[in-house]
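Here's a quick tour for someone who likes to poke at coordinates. Have the viewer open and follow along.

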Amino acid sequence: MRSIWKKLVAVKLFRTLRFRLAATFLCVLTAVLLIVGIFGTATLRTMLENQSEDELNELLGTLKDWPIQFYDDSGMPYWFADMTDPDDRAEVARLQAVYVIADSQGHIAWGSCNASQRPLCDPKTIRTEYQTLQLTHEPWLKTVKGTDGTYYQVLSSLKTDSKRGVKWYFAEGRSLKEDSILVQHFRRNFLIFLPIALFICAVVVWYSAGSALSSLQSVERAAQEITGSSLGLQIRKRGADDELDRLIDSFNEMSGRL
């Protein structure tokens with residue numbers, strides 16, 4: 001490995017100023033783009049998490065305030081919605097996508113307890129959350145992994161039956177599958193964009209560095225052409241009034257003195 005590195009260092013191209021300038025710029029650019037990619041991915045995740053939490057707050061608030069009522073005799077919850085109304089039917093379907101309604105013992109009254117969402121309906125977990133909600137009086141936000149590998153974000157709270165004073169466990173959730181796919185697409189597109197951007201920048205920097213260093217090559221050629229009969233050789237200035245023009249001025253002054 002060390003011998004290969006020595007051979008690469010010995011290559012004339014790798015020792016040129018042009019190569020060093022281009023390589024330094026590309027290294028810095030690569031680091032900046034990687035930081036932007038990591039920061040962008042983290043920002044996207046945070047935005048999706050905030051949007052998900054806002055949506056869950058809205059869903060849970062709607063579930064507690066509108067369609068669920070309690071029977072006068074048994075105190076059991078029931079859906080109070082006009083299923084013949086398309087708007088009510090669509091709203092109920094949205095609320096029933098991922099939800100759980102249970103008592104203090106974890107017994108499920110209503111819920112989307114299908115095969116993939118079964119972990120949301122675990123009685124032991126519900127009892128534990130119920131006790132925590134009674135103490136904190138704040139909604140409980142969690143992430144649950146379904147049996148099919150899908151992750152669900154779930155927000156739970158308590159609703160009190162005003163006639164009996166009994167508190168019920170209410171939870172609304174949403175699948176995080178689409179959010180995960182969106183983050184994966186962003187990361188994939190970034191990884192596709194990164195090498196393309198670096199290649200384009202490498203070409204531009206290589207030719208830009210070559211153009212900027214062309215004046216140095218003119219100084220080199222002029223120095224090689226100086227002989228006893230052409231000691232006063234002058235190099236034409238570029239008119240940029242930069243470091244290279246000042247180098248040309250110094251060379252011309254030296255040539256004039258000679």
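## A short polar contact

The side chains of Ser 112 and Gln 117 are joined by a polar contact of 2.5 Å. Keep in mind that this is a predicted model, so that distance is a computed one.

Where does Ser 112 sit? Look in the loop between strand S4 (108-111) and helix H4 (123-136). Is Ser 112 buried or exposed? Its relative accessibility is 11%, and because the cut-off for buried is under 20%, Ser 112 counts as buried. Setting aside residues up to four places away in sequence, Ser 112 touches Gln 96, Ala 97, Val 98, Tyr 99 and Gln 117. Gln 117 therefore turns up both in that contact list and as the polar partner.

## The overall layout

Zooming out, the protein chain has 7 helices and 7 strands. Read from the N terminus, the elements go α-α-β-β-α-β-β-α-β-β-β-α-α-α. The chain holds 258 residues, and 31% of them count as buried.

Now for contacts and surface. Take the contacts with a separation of 6 or more: 54% of them are between residues 24 or more positions apart. The chain exposes about 16,500 Å², with carbon and sulfur atoms supplying 60% of that area.

## The largest pocket

What is the volume of the largest pocket? It comes to about 280 Å³. The lining has 14 residues, and those nearest the centre are Arg 45, Leu 176, Asp 179, Ser 180 and Val 183.

Helix H2 (17-65), strand S6 (151-161) and helix H5 (177-212) each put at least two residues into this lining. H5 has the largest share, with 6 residues. By class, the lining of the largest pocket divides into 4 nonpolar, 5 polar and 5 charged residues.

## The second largest pocket

The second largest pocket holds about 180 Å³ of space. Its lining is made up of Glu 55, Leu 59, Arg 94, Ala 97, Val 98, Glu 172, Gly 173, Arg 174, Ser 175, Lys 177 and Glu 178. Two or more of the lining residues come from each of H2, strand S7 (166-175) and H5. S7 gives the most, at 4 residues.

In chemical terms, this lining has 3 nonpolar, 2 polar and 6 charged residues. Ala 97 and Val 98 are among the lining residues, and both also touch Ser 112.

## Arg 187 on H5

Arg 187 is found in helix H5. At 33% relative accessibility, Arg 187 counts as partly exposed. Which residues does Arg 187 contact, leaving aside neighbours within four places in sequence? They are Thr 41 and Arg 45, and Arg 45 is also one of the residues nearest the centre of the largest pocket.

The backbone comes together here too: the C-alpha atoms of Arg 187 and Gly 40 are separated by 9.2 Å, although the two are 147 residues apart along the chain.

## An unusual phi at His 137

Most residues other than glycine have a negative phi. His 137, though not a glycine, has a positive phi of about 60°. You'll find His 137 in the loop between H4 and strand S5 (140-145). Is His 137 buried or exposed? With a relative accessible area of 59%, His 137 is exposed, because the cut-off for that class is over 50%.

How values were computed. Residues are numbered from 1 along each chain as its sequence is written. This is a predicted model: local features need pLDDT of at least 70, side-chain atom pairs count only at pLDDT 80 or more; totals for chains, interfaces and linings use all residues. Side-chain values use heavy atoms; hydrogens and water are left out. Buried means under 20% relative accessible area, exposed over 50%, partly exposed in between (1.4 Å probe, protein chains only). A polar contact is a pair of N or O atoms within 3.5 Å; within protein, one must be able to donate a hydrogen and the other to accept it, and residues adjacent in sequence count only if both atoms are side-chain atoms. Contact means heavy atoms within 4.5 Å. Accessible areas come from the Shrake-Rupley method with a 1.4 Å probe; for residues, only the protein chains shown count as cover. On a 1 Å grid over the protein atoms alone, a cavity is a set of points where a 1.4 Å probe fits but cannot get out, and a pocket is an open set with protein on both sides within 12 Å along at least five of seven lines; lining residues have an atom within 4 Å of a point. Grid points are joined across faces, edges and corners, and a volume is the space filled by probe spheres set on the points. Ala, Val, Leu, Ile, Met, Phe, Trp, Tyr, Cys and Pro count as nonpolar, Asp, Glu, Lys and Arg as charged, and the others, Gly among them, as polar.
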